[in-house]
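Trainee: I should be grateful for a close look at a single part of this protein, with enough of the surroundings to place that part in the whole.

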Amino acid sequence: RTGSVSSGAVQPTWVPFGSTVAHRRRLRFALDVYDSTWSSRLRQPTYSLGELINIEASVSADPRLPLRVFVDECVASPSAAARPKYKVIADNG
């Protein structure tokens, strides 16, 4: 038998999804709030505790890459650093 042995790393024959997306462009995530009929997006919604909130989570990507968005947790507060924070989505959706 004849052959050669190399100490170089094995190159994968596939391209990881994360590398492909990072190379081409970044994914843009959005979280939009809609009115009670889901007919129009609300720009600056105000809610009381216990009130129903219609939230749409989405990601924009190449149409050939069918992606799903899973929201595990979401909190509401007057600002990112403000306290208190109220759980809107909890316990893995």
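**The largest pocket and its surroundings**

Mentor: Of the 93 residues in the protein, 12% are buried. The model under discussion is predicted. It is helpful to begin with the overall plan. The protein contains one helix and four strands, and their order from the N terminus is α-β-β-β-β. The protein exposes about 8600 Å², and carbon and sulfur atoms supply 52% of that area. Contacts can also be sorted by their separation in sequence: among those between residues at least 6 apart, 31% join residues at least 24 apart.

The part chosen for a close look is the largest pocket. Rolling a probe the size of a water molecule over the atoms shows where empty space is left. The largest pocket has a volume of about 610 Å³. Which elements give two or more residues to its lining? They are strand 1 (28–34), strand 3 (74–76) and strand 4 (86–89). In total, 20 residues line the largest pocket. Those that lie nearest its centre are Tyr47, Ile53, Ala76, Ser77 and Val88. Sorted by class, the lining consists of 14 nonpolar, four polar and two charged residues.

Two further residues deserve attention, beginning with Asn54. This residue belongs to strand 2, which covers residues 54–60. Is Asn54 buried or exposed? Its relative accessibility is 9%, and because buried means under 20%, Asn54 counts as buried. Its side chain reaches the backbone oxygen of Asp35 at 2.8 Å. Asp35 also appears among the contacts of Asn54 when neighbours within four places in sequence are left aside. The full list of these contacts is Asp32, Val33, Tyr34, Asp35, Ser36 and Trp38.

The second residue is Val71, which is found in the loop between strand 2 and strand 3. Val71 has a relative accessible area of 26%, so it is classed as partly exposed. Along the chain, Val71 and Ala90 are 19 residues apart, and in space their C-alpha atoms are separated by 8.8 Å.

To review the close look: the lining of the largest pocket draws two or more residues from each of strand 1, strand 3 and strand 4, and 14 of its residues are nonpolar. Of the two residues treated separately, Asn54 is buried, whereas Val71 is partly exposed.

Conventions. Residues numbered from 1 in each chain as written. Predicted model: local features only at pLDDT ≥ 70, side-chain atom pairs only at ≥ 80, totals over all residues. Heavy atoms only, no water. Buried < 20%, exposed > 50% of the residue type's maximum accessible area, 1.4 Å probe, protein only. Contact = heavy atoms within 4.5 Å. Areas by Shrake-Rupley, 256 points an atom, 1.4 Å probe, with all protein chains shown as cover. 1 Å grid on protein atoms, 1.4 Å probe; cavity = no way out; pocket = protein on both sides within 12 Å on 5 of 7 lines; lining within 4 Å. Points joined across faces, edges and corners; volume = space filled by probe spheres on them. Nonpolar A, V, L, I, M, F, W, Y, C, P; charged D, E, K, R; others polar. Polar contact = N/O pair within 3.5 Å; in protein donor to acceptor, adjacent residues only side chain to side chain.
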